[in-house]
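Dear colleague,

I am handing over the structure that we spoke about, and the notes below it are meant for someone who is opening it for the first time. Please read them with the structure on screen.

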Amino acid sequence: MQNYLTPNFSFAPMIPERAQGSRVWDSEGREYIDLAGGIAVNALGHSHPALIEALTEQAQKLWHVSNIYTTTPAQALAKKLTEATFADKVFFCNSGAEANEAALKLARKYAHDHFDDSKSEIIACINGFHGRTLFTVSVGGQPKYSRDFAPLPPAITHVPYNNTAALEAAVGPQTCAVIIEPVQGESGVLPAEQAFLEAARRACDAHHALLIFDEVQTGMGRTGKLFAYQHYGVVPDILTSAKALGSGFPIGAMLTTDKAAASFGPGTHGSTFGGNPLACAVAGRAFDLINRPNTLQHAEEQGSKLQQALTTLGRETGVFQEVRGMGMLIGCVLSAQYAGRAGELVQLALQQGLMILMAGADVVRLAPSLLLSDEDMQEGLARLNKALQNWQ
Ligand SMILES: *Cc1c(COP(=O)(O)O)cnc(C)c1O
């Protein structure tokens, strides 16, 4: 097939056409088990009837009105998000990068409002990922994604993830924000250590900096709690969400306190589509389905079953040296013999009818539906086993 899209993606050699739950069918009618979840987006699987209902109901009512107006679905979703978290206020946008862009701009403005213009440094982590806008790609700690787009925004410092001493040394009076993923997703599914997040909180408090948790990947039930920070009991000043927030419909959100939100006065920031009623209606319904003890417990239980099965498979085949993660966000670290070849395994799995992801060249990532059934899990594992058996 002729590709009319810019060549920044290397597309798989099949075209997904329809899907249901954790199964996807391509344009030739071949079936796949989806353990990739649209990169941690399809938290409720595909074509969930309640989401279809929320979308079609809203489609009959109101699609878009501009952000001169607020809407019932936007207020309802913001109410749910604030009642379930530390936050008092929500800014809606359309993606994870936009949520982080808003968070970083708010942190700079908050510091300038309350202190002075020199308080503008952002501390971020090596190998972190925060999106693809120029600001977020610069704050992200993977130079391969940013260096070709120089000159980059200044006053950004990177410290090694989980290195408490480096973080403490970097934060000072010049710091306006520290941004951390509670589990580094894109770069290998690496959970934060408790002490690291606690140190970040302490350092931010000591220097009047805002602590931002990027939960674009870890949020909305992915780790077995609504947000990953709730595992740690370390509370940020700003939290960003996207990916599973709309469970397949594009939406992003930045959650924050009343105190910080006050710096986003009228006219300071905006988004044409942010808070779109269709997106908010779907996300509102998704929220109700995800933020239930049943769903979160299922995610936690299925996640640990999957981790155990992958650990066994890794041991038997010698392909994985470690399986790590939280809940339904799982990284299988390739053993030395297979290092750098995660992309190959993703392709081999696809040939066996299994959708999985990479997270850097050394880690194979799974981010399936939180509702994954035992049957789909077993079938997915069987197909992965076949792919591993064929791997030279
Ligand atoms: C995916 C991701 C982003 C970027 O989200 P987009 O919707 O692609 O802009 C930001 N941060 C984290 C942690 C992510 O996993």
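N162, in this predicted model, has a relative accessibility of 17%, and because buried means under 20%, N162 counts as buried. N162 lies in the loop between strand 6 and helix 7, the latter running over residues 164-170, and its backbone has a positive phi of about 65° although the residue is not a glycine. Another asparagine, N127, also has a positive phi without being a glycine, in this case of about 75°. N127 is placed in the loop between strand 5 (121-125) and helix 5 (134-139), and with a relative accessibility of 37% it counts as partly exposed. These values deserve a look, because most residues other than glycine have a negative phi, and most peptide bonds are trans. On the second point, the peptide bond that leads from A150 to P151 is cis, with omega near 5°, and P151 is found in the loop between helix 6 (143-146) and strand 6 (156-159).

Next come the annotated positions. The UniProt record, which is an unreviewed entry, lists G96, A97, F129, D214, E215, V216, Q217 and T272 under "binding site". These residues are spread over 177 residues of sequence, and they are spread in space as well, with up to 24.8 Å between C-alpha atoms. T272 is one of the listed residues, and it is included in the lining of the second largest pocket.

Is E215 buried or exposed? Its relative accessibility is 0%, so E215 counts as buried. E215 sits in the loop that runs between strand 10 (210-214) and helix 9 (229-232), and, when neighbours within four places in sequence are left aside, its contacts are P182, F227, A228, Y229, L239, T240 and S241.

T272 has a relative accessible area of 55%, and since exposed means over 50%, T272 is exposed. It is found in the loop between helix 10 (258-261) and helix 11 (277-290), where it touches H64 and N67, not counting residues up to four places away in sequence. S271 lies in the loop between helix 10 and helix 11 too, but with a relative accessibility of 14% S271 counts as buried. Leaving aside neighbours within four places in sequence, S271 is in contact with N67, F91, F92, C93, N94 and E98, so that N67 appears among the contacts of S271 and among those of T272.

The same unreviewed UniProt entry carries the annotation "modified residue: N6-(pyridoxal phosphate)lysine" for K243. K243 lies in the loop between strand 11 (238-241) and strand 12 (252-256) and counts as partly exposed, at 22% relative accessibility. Its contacts, again without neighbours within four places in sequence, are I39, A40, V41, E186, V216, Q217 and I251; V216 and Q217 are also among the residues that the record lists under "binding site".

Turning to the helices, how do helix 2 and helix 11 run relative to each other? The axes of helix 2 (residues 49-59) and helix 11 come within 9 Å and cross at roughly 150°, and as angles over 145 degrees count as roughly antiparallel, that is how the two helices are described. Their crossing is right-handed. On the helix 2 side the residues that meet helix 11 are A50, L51, E53, A54, L55, E57, Q58 and A59, and on the helix 11 side they are P277, L278, A281, V282, R285, A286 and L289.

Helix 11 also crosses helix 3 (residues 72-83), where the axes come within 8 Å at an angle of roughly 35°, and this crossing is left-handed. Here P73, A74, L77, K80 and L81 in helix 3 meet P277, C280, A281, A283, G284, F287 and D288 in helix 11. P277 and A281 therefore take part in the contacts with helix 3 as well as in those with helix 2.

A last residue to look at is A107, which is placed in helix 4 (residues 96-114) and is buried, with a relative accessible area of 1%. A107 touches C176, A177, L210 and I212, not counting residues up to four places away in sequence. A107 and T312 are 205 residues apart in sequence, and from C-alpha to C-alpha they are 44 Å apart in space.

With kind regards

Conventions
Residues are numbered from 1 along each chain as its sequence is written. This is a predicted model: local features need pLDDT of at least 70, side-chain atom pairs count only at pLDDT 80 or more; totals for chains, interfaces and linings use all residues. Side-chain values use heavy atoms; hydrogens and water are left out. UniProt positions are given in the numbering used here, feature names are shortened, and annotations may be inferred rather than shown by experiment. On a 1 Å grid over the protein atoms alone, a cavity is a set of points where a 1.4 Å probe fits but cannot get out, and a pocket is an open set with protein on both sides within 12 Å along at least five of seven lines; lining residues have an atom within 4 Å of a point. Helices (H or I, at least four residues) and strands (E, at least two) are DSSP runs, numbered from the N terminus. Buried means under 20% relative accessible area, exposed over 50%, partly exposed in between (1.4 Å probe, protein chains only). Contact means heavy atoms within 4.5 Å. Axes are lines fitted to C-alpha atoms, for helices over the stretch in contact, and angles run from 0 to 180 degrees between N-to-C directions. Angles under 35 degrees count as roughly parallel, over 145 as roughly antiparallel, 65 to 115 as roughly perpendicular and the rest as oblique. A crossing is left-handed if the near helix is turned anticlockwise from the far one by less than a right angle, and right-handed if clockwise.
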